[in-house]
Amino acid sequence: MAGLFQNIVKVFIHNKRFGRHFSYVLFLSVLTISIIGAVFVYSASNLSKETIFYGFFLKQITWYLISFLIIIPTCMIFGYEGLKNKAYLFYIIVILSLIAVLFFGKFAGGSKRWINLGIVNFQPSEFAKIGIIILLANIYSESLSEKGLSFAELIKPMVLVFVPVVLVLEQPDLGTALLFIIIAASMTFFVKIKKKTFLLLLFWCCCLLPFLWYFFLEDYQKARVLTFLFPNRDPLGSSYQIIQSKIAIGSGMLTGKGFLNGTQKALSFLPEQHTDFIWSVIAEETGFLGTSFVLLCFITFFGAGLDISYNCQDDFGAILAFGLVSMLFWQFFINVCMVIGLMPIVGMALPFLSYGGSSVITNMLAVGILLSISMRRFDKAG
């Protein structure tokens, strides 16, 4: 550990430009959000003494420490340039790990998403997000065009993204599969596509929607969509989560009920309150003012991330940075819209706040790569 920090100091001393271009805004914003996350994972799991000291809170703190002391510094030292040459290697590892889940995965909560490594459960689909982003950044950086990409040029990336999407749907994990598609679409529009290509893709998407609904979605997934359209259709069944979430958020009013004083949380009316619905816990206990502050922290973080992408003089670095920011943004956007009833419930963790080792490590890995790009954005070769 001491050697790692010595190397970081050497990097900053020997190349003062790294220190000048280091995004302190991005780092401090994610640090603030993580502290808030630790506080409210503690609150959300504050149901018994055993849970407080030996459960979710302690594990979450451990993952934060690993991220800030090891993962982020390591990314800063080694830089992001080497990711380009290893893009296909990372992709192969991602595909193999997703296949391994189907055969050796741990079944829990109606799906098989985790591989038991003994002391921790590893969720390959979380790390697959990073692998897909690196691969797409590599492909798009080599095929940029002022006129935009044609449909023929999009066939390869679409096929490569389709494979992990299918494997994740087999788990099943509709939320993560949709996130893969949304991230890929965001990166594709970022590098620009031809107008005819866009219209053609839009047409095919519209044609596929009825097919997906009748032949692809499971019954419980259809129920979630219907619950979104008709929130009170099944108050004790499929509508229960969103109704309780809205009650928690609304009861927080302006200033909230106070830390550890949330009644929906304390009485366990709010399902998955330490993971997907942690925003509801924050809203209930801190109110509109508290959630506004958290929202401001996220806006600051996303703005800093986009600034890194915009100012990077390397095409691969710029596309990679945008892909990472889009991954974190869409997770945040979908989760918040989900818990306030503006989108169907799909099981999406809130970045840096929700409990979960694989999620925290993946998101912090994205932060480390963003900081690495920030430090080296003056270099046109990376």
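**View 1. Helix H5 has a kink of about 40°, centred on Ser-67.** This is a predicted model, in which local features need pLDDT of at least 70 and side-chain atom pairs count only at pLDDT 80 or more, while totals for chains, interfaces and linings use all residues. Residues are numbered from 1 along each chain as its sequence is written, and side-chain values use heavy atoms, leaving out hydrogens and water. The bend at a residue is the angle between axes fitted to the seven residues ending there and the seven starting there. Helices (H or I, at least four residues) and strands (E, at least two) are DSSP runs, numbered from the N terminus. H5 covers residues 56-78 and reaches 32 Å from its first C-alpha to its last, close to the 33 Å expected at 1.5 Å a residue (1.5 Å times one less than its number of residues). Among its buried residues are Trp-63, Ser-67 and Pro-73; buried means under 20% relative accessible area, exposed over 50%, and partly exposed in between (1.4 Å probe, protein chains only). After H5 comes Gly-79, with a positive phi near 75°.

**View 2. Glu-81 and Arg-376 form a salt bridge.** A salt bridge here is a side-chain nitrogen of Lys or Arg within 4 Å of a carboxyl oxygen of Asp or Glu. The closest N and O atoms of this pair are 3.6 Å apart. Glu-81 lies in helix H6 and Arg-376 in helix H17, so the pair ties together parts that are 295 residues apart in sequence. Glu-81 is partly exposed, at 30%, whereas Arg-376 is buried, at 6%.

**View 3. Lys-129 and Glu-126 meet in a salt bridge.** What separates these two residues? They are three residues apart in helix H8, so about one helical turn lies between them. Their N to O distance is 2.9 Å. Lys-129 is buried, at 2%, and so is Glu-126, at 7%. Look for Thr-176 of helix H10 too: its C-alpha is 8.0 Å from that of Glu-126, although the two are 50 residues apart in sequence. Beyond four places in sequence, Thr-176 is in contact (heavy atoms within 4.5 Å) with Ser-125, Lys-129 and Val-168.

**View 4. Leu-353 is among the residues with the most contacts inside the largest nonpolar core.** Such a core is a set of buried Ala, Val, Leu, Ile, Met, Phe, Trp, Tyr and Cys residues joined through side-chain atoms within 4.5 Å. This one has 95 residues, and helix H16 gives the largest share, 14 residues. Contacts of Leu-353 beyond four places in sequence include Ile-33, Tyr-64 and Phe-298.
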